Amino acid sequence: MQFHHHGYVSGDPRVLPAAGVGIDRPEDLPDEVDVLIVGSGPAGMIAAAQLSQFPEITTRIVDRRGGRLEVGQADGIQARSVETFQCFGFAERIIAEAYRITEVNFWKPDPNSPDNIVRAARTLDDENGISEFPHLIVNQARVLDYFAEVAAHGPARITPDYGYEFADLEVADEGERPVTVHLRRTVGEQEGSERTVRARYVVGCDGARSPVRRSIGRELVGKDANHAWGVMDVLAVTDFPDIRTKCAIQSRAGSILLIPREGGFLFRMYVDLGEVTPETKAGVRQKTLEEIVAQANAIIHPYSLEVRNVAWHSVYEVGHRLTDKFDDVPADQVGTRTPRVFITGDACHTHSAKAGQGMNVSMQDGWNIAWKLGHVLTERSPESLLDTYSAERQVYAKQLIDFDREWSALMATKPEDLEDPTVLEDFYVKTAEFPAGFMVQNAPSMITAEAAHQDLATGFPVGKRFKSAPAVRVADTNPVHLGHHARADGRWRIYVFADPAAPGEASPTAHLAEWLATSPSSPVVAHTPKEADADTWFDVKVVYQQQHTEIDLGKVPQVFLPRVGPFQLIDYEKVYASDPEHDIFELREIDRGGAVVVVRPDQYVANVLPLSATDELAAFFAGVMRAPRVTSA
């Protein structure tokens, strides 16, 4: 974490100075905004946290609830989400309070006594080292709290406007704020009264029954899996030996997915309630907690479960549904008009809870659209950037639903009906990268290049998230993870992996550094506002192949040691060396001749280029950033 560059900070450095619209932010919801976020769930709160870094933009977030969520239904936090938390600055704190999944145990009928269950297999949750971050379990409400803190402490000072229910909206063909939103108060003395807010853009993060989705004519299309599950968060006494380990339990009486919760005592059970028909659907929905507990006891026989306290429970039927597009522009009109309304999370894709994807995918939806809105509204990028949101996220949501359909079907299948008794654990291990959140690979677009030079850095696949690796920060000799220094501040990142020459020698790296600092076609020169710090829009870092003891900072090109803040201090945290024990060039298969890796503000690799490809680098950013250069306010 970096601070003090604007003067001595004696308080919490996570509280950034208010700026722009964050100064004297009006307490009441204004009549006109730039972005209106509807719903303060995971997608809405991460969008607010990201947009809080853009103090030029008036962003408000409304929710029909009267206050913060107290008990969330989602709890699974995949490693990709923890990487995201790191980018927003709270990964370490949430890891400390969460439950960490390290193994998954599989229970099946005892071959010698099929009415009983026995532990049949154990598997590591991440045996391939997909991420340096863990797979966590923590209540959704706490995740929202952390994002709310980031949003409230960002320069724009965003806090939710609770007690406003979305009614409907209309989108005009023209006007500075063409979206007219009708809201209704749900609490307080003004309950039932209506408000009208005009916005440039609206982001619907309002759940599976989304009225925002309905207002733009989108429909969730799909079908139910005709299988019901009871879910309960409980405190209980049991003789089941793996109650504090994630388990997939299959017995003759049905299946259970057991998820231990944070705190050491609470756990969640997804309990198989059997097939559902049109005739039995209503009855299954009325299943009582006592019936769910009784079914759980039947499944874990010969063990027993005595529930002492229930935090939350519900009955649901698995449904897999998807909208054809995640914004308000018909497919045949893409490119002819700007999308104004976007939908995220359950508003545009629904699936079972057992794959632990709902909150995780929703957060990536919210982050994706938020940074893009930030760039368009600050005139860094053209409005065409907004078309990439639906194009990227709808494809991944379809892949998720296909994955979840197969996983849910396997969980619901009786053990005796499986062709291979190990199919469930084999599927879990084989597909581990997908539920961990790392199978997203964005297709080529204006912000994701063709992988023409992928061979230069095969460990950083274009379109996939930037997989961090160890390096040594030269200035303070600290071993760090290279990707952990990135923050959700809206900046693009240009990682220069140097050729074998040392700083001060004539080399491709030195030539690139000179071009980045001085050429009119360099993205740093061409697009950074004149009066802004050199790294305001582009975070340029270098990683040398030498060990840190061999790097002379006095010979490092100045583009890697930019001057920042009102005192024009030198930022020393952009120069890295290879870690002798974990060489990043070997770990990520980076060509020893060097390479440039361009990373988007949401951590996805956008391009891989040779050190000499200055024309290609300039052309890529010319398509991403607006021209001519726009000065800051």
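Helix H2 gives the most to the lining of the largest cavity, with 3 residues. That cavity has a volume of about 150 Å³. The model is a predicted one. Its largest nonpolar core has 111 residues, and helix H1 is largely enclosed by the rest of the structure.

**Cavities**

- A search of the whole structure finds 3 cavities of 30 Å³ or more.
- The largest cavity is lined by 18 residues. Closest to its centre are Phe 466, Gly 483, His 484, Ala 486 and Gln 603.
- Helix H2 spans residues 79–88 and strand E21 spans 492–497; each supplies at least two lining residues of the largest cavity.
- The lining of the largest cavity is mixed by class: 7 residues are nonpolar, 5 are polar and 6 are charged.

**Nonpolar cores**

- In soluble globular proteins, nonpolar side chains tend to be buried together.
- Within the 111-residue core, the residues with the most contacts are Phe 147, Trp 492, Phe 560 and Phe 621.
- Helix H8, residues 358–377, gives the most to this core, with 9 residues.
- Apart from the largest core lies another, of 25 residues. Ile 249, Leu 273, Ile 300 and Val 315 are among them.
- Phe 560 touches a varied set of residues, not counting those up to four places away in sequence. The set includes Val 496, Val 540, Val 542 and Val 575, along with Ala 513 and Tyr 544. Thr 509, Lys 541, Asp 571 and Lys 574 also touch Phe 560.

**Helix H1**

- Helix H1 covers residues 42–51, and 10 of its 10 residues are buried, so the helix is largely enclosed by the rest of the structure.
- The buried residues of H1 include Pro 42, Gly 44, Met 45, Ile 46, Gln 50 and Leu 51. Ala 43, Ala 47, Ala 48 and Ala 49 are buried in H1 as well.
- Two strands, E1 (32–38) and E2 (59–63), pack against the buried residues of H1. Helices H2, H4 (140–153) and H8 pack against them too.

**Thr 388**

- Thr 388 is found in helix H9, residues 387–412.
- Its relative accessibility is 7%, so Thr 388 counts as buried, the cut-off being under 20%.
- The side chain of Thr 388 makes a polar contact with the side chain of Lys 372, at 2.8 Å.
- Leaving aside neighbours within four places in sequence, Thr 388 is in contact with Lys 372, Ser 445, Met 446 and Ile 447.

**Backbone features in loops**

- A cis peptide bond joins His 301 and Pro 302, with omega about 20 degrees. Pro 302 is found in the loop between helix H7 (289–299) and strand E16 (305–322).
- Arg 157 is not a glycine, yet its phi is positive, near 55 degrees. Arg 157 is found in the loop between H4 and strand E8 (161–162). With a relative accessible area of 22%, Arg 157 is partly exposed.
- Gln 568 is not a glycine either, and has a positive phi of about 50 degrees. The loop between strand E23 (563–564) and strand E24 (569–570) holds Gln 568. Its relative accessible area is 38%, so Gln 568 is partly exposed.

Methods: Residues are numbered from 1 along each chain as its sequence is written. This is a predicted model: local features need pLDDT of at least 70, side-chain atom pairs count only at pLDDT 80 or more; totals for chains, interfaces and linings use all residues. Side-chain values use heavy atoms; hydrogens and water are left out. A nonpolar core is a set of buried Ala, Val, Leu, Ile, Met, Phe, Trp, Tyr and Cys residues joined through side-chain atoms within 4.5 Å. Buried means under 20% relative accessible area, exposed over 50%, partly exposed in between (1.4 Å probe, protein chains only). Helices (H or I, at least four residues) and strands (E, at least two) are DSSP runs, numbered from the N terminus. Contact means heavy atoms within 4.5 Å. A polar contact is a pair of N or O atoms within 3.5 Å; within protein, one must be able to donate a hydrogen and the other to accept it, and residues adjacent in sequence count only if both atoms are side-chain atoms. On a 1 Å grid over the protein atoms alone, a cavity is a set of points where a 1.4 Å probe fits but cannot get out, and a pocket is an open set with protein on both sides within 12 Å along at least five of seven lines; lining residues have an atom within 4 Å of a point. Grid points are joined across faces, edges and corners, and a volume is the space filled by probe spheres set on the points. Ala, Val, Leu, Ile, Met, Phe, Trp, Tyr, Cys and Pro count as nonpolar, Asp, Glu, Lys and Arg as charged, and the others, Gly among them, as polar.
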